[in-house]
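Q: I'd like a close look at one part of this model, and then a walk outward from there. Could you take your time with it?

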Amino acid sequence: MLAARWHDREDIRIEDVTPREPRNDEVLVKVHWCGICGTDLEEYRAGPLIIPTGQPHPLSGRMAPLTLGHEIVGEIVRAAPDGTGPAVGTYVVPDVVNGCGQCWWCLRHQEGLCPSVCVPGQQDDGGMAEYMVAKARTCVPVPAGLSMQTAVLAEPAAVAVRAVRKVSEIFGATAMVIGGGTIGQLTAQAVLAAGAAACCLVDPSDYRRRFAEAHSPVRACPPDGLPDVVADLGAPGVDVVFECSGAAGQLTRSIDLARPGGTVVAVGLGSQTQPIPLPALVLGERQLIGSAAHLWDTDVAHAVRMLADGRLNAADLVTHQIPLPDLVTVALPLLSQPDPEVLKIAIDCR
């Protein structure tokens with residue numbers, strides 16, 4: 001099969017490889033579409049960041065070179081030998097957060113916090129290939145009527161769903177989302193679907209702001225428009241801020257934007273450590289919460305339902321569909337352009 005294999009920084013190769021045999025509790029998935037995530041791009045530009053090199057990952061036994069891709073939708077072509085999971089022919093979103101199953105966190109169904117957490121596409125072979133192996137019981141079926149081209153957004157949608165779940169009092173809240181990429185767009189929509197009274201998305205890109213306002217009742221503004229937005233809200237201010245950009249300085253901005261007693265959810269993950277304004281955090285009794293990954297049976301399954309029933313208006317988020325052989329020559333250069341009119345690139349692996 002063809003697979004996009006990360007070898008080193010700025011060295012991704014489309015290679016002909018043999019998929020490994022599924023274990024007793026695994027299925028073989030014929031991949032239809034695989035989205036390019038910001039972490040894939042960062043591994044290409046600045047890696048290795050998460051991909052293991054030098055010694056194998058303790059859970060997967062894998063290290064570079066390995067196959068990228070963790071935003072996957074496909075069809076089961078070989079069922080799990082132990083009888084778990086969906087049947088052959090089922091279209092599925094394979095979850096990609098795998099824990100060891102034995103540690104303190106895994107026993108509490110917090111696999112994303114497992115010290116040996118293993119994400120296909122990062123610490124194991126992923127889905128930017130014609131086939132992939134996946135855990136059978138965590139493959140979420142795609143409902144009838146939900147297109148595969150939209151279902152490829154289930155993984156980033158699950159990140160958004162989990163971030164919104166982190167806030168205990170979202171109904172009737174005023175919210176702000178910093179960053180208008182795919183996860184920022186989905187987070188803004190998920191916030192409104194959860195019952196927030198209003199949501200503003202902040203991004204320097206005019207394209208992303210126009211996209212947000214065209215696809216949901218979110219208000220969008222550039223960073224220099226924030227004072228007007230906050231003034232329009234009136235007292236007490238912004239209840240919750242979702243920082244989805246990971247850009248330098250935006251965590252400080254988010255804490256400053258949240259009202260005293262408000263909440264900041266850090267979703268974006270940059271490669272640099274960011275300072276935290278302790279006086280604003282401590283004296284203002286603001287909450288700072290981290291949110292990462294997702295759980296297959298809550299976040300991913302719920303995201304799939306929201307995509308299927310239209311609560312997440314996500315179809316147009318896939319702005320480009322590019323064949324797997326053109327990943328390196330077309331897709332990655334497209335993402336590297338300054339201020340491109342690009343949101344999600346879906347790689348056609350069929």
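Where is the place of Pro65? Please start with that residue and carry on to the helices, the pocket and the cavity.

A: Happy to take you through it, and please keep in mind that this is a predicted model. Pro65 sits in the loop between H1 and S4. The bond leading into this proline deserves a look: Ala64 and Pro65 are joined by a cis peptide bond, with omega at about 5°. If you scroll back along the chain, you will meet another cis bond, from Gly47 to Pro48, where omega is near 5°. Pro48 is likewise found in the loop between helix H1 (38-46) and strand S4 (66-67). For anyone setting up a calculation, those are the two prolines to bring up on screen in this loop.

Another backbone feature belongs to His109. This residue is not a glycine, and yet its phi is positive, at about 55°. You will find His109 in the loop between strand S6 (91-94) and S7.

Strand S7 takes us on to the open space. Covering residues 131-135, S7 gives the most to the lining of the second largest pocket, with five residues. That pocket has a volume of about 720 Å³. It is lined by 41 residues, and the closest to its centre are Arg20, Arg23, Glu26, Asn98 and Lys135. Sorted by class, the pocket lining holds 19 nonpolar, 10 polar and 12 charged residues.

Now for the enclosed space. There is one cavity of 30 Å³ or more, and the largest cavity holds about 30 Å³ of space. Its lining consists of Ile12, Ile36, Asp40, Leu68, Met128, Leu327 and Leu332. By class, that makes six nonpolar residues, no polar ones and one charged residue.

Let's finish with the helix packing around H3. Helix H3 (residues 154-165) and helix H4 (residues 182-193) have axes that come within 8 Å and cross at roughly 50°. That angle makes H3 oblique to H4, and the crossing is right-handed. On the H3 side, the contact is made by Pro156, Ala157, Val159, Ala160 and Val164, while H4 brings Thr182, Ile183, Leu186, Thr187, Ala190 and Val191. Counted by class, this contact has nine nonpolar, two polar and no charged residues.

H3 also packs against helix H9 (residues 296-309), at an angle of about 110° and with the axes 8 Å apart. H3 and H9 are therefore roughly perpendicular to each other. Here too the crossing is right-handed, as H3 passes H9. From H3, the residues in this contact are Ala154, Ala157, Ala158, Val161, Arg162 and Arg165; from H9, they are Thr298, Asp299, Val300, His302, Ala303, Val304, Met306 and Leu307. The contact of H3 with H9 has nine nonpolar, two polar and three charged residues. Ala157 is worth selecting as you go, for it is listed in the contact with H4 and in the contact with H9.

Notes. Residues are numbered from 1 along each chain as its sequence is written. This is a predicted model: local features need pLDDT of at least 70, side-chain atom pairs count only at pLDDT 80 or more; totals for chains, interfaces and linings use all residues. Side-chain values use heavy atoms; hydrogens and water are left out. Axes are lines fitted to C-alpha atoms, for helices over the stretch in contact, and angles run from 0 to 180 degrees between N-to-C directions. Helices (H or I, at least four residues) and strands (E, at least two) are DSSP runs, numbered from the N terminus. Angles under 35 degrees count as roughly parallel, over 145 as roughly antiparallel, 65 to 115 as roughly perpendicular and the rest as oblique. A crossing is left-handed if the near helix is turned anticlockwise from the far one by less than a right angle, and right-handed if clockwise. Contact means heavy atoms within 4.5 Å. Ala, Val, Leu, Ile, Met, Phe, Trp, Tyr, Cys and Pro count as nonpolar, Asp, Glu, Lys and Arg as charged, and the others, Gly among them, as polar. On a 1 Å grid over the protein atoms alone, a cavity is a set of points where a 1.4 Å probe fits but cannot get out, and a pocket is an open set with protein on both sides within 12 Å along at least five of seven lines; lining residues have an atom within 4 Å of a point. Grid points are joined across faces, edges and corners, and a volume is the space filled by probe spheres set on the points.
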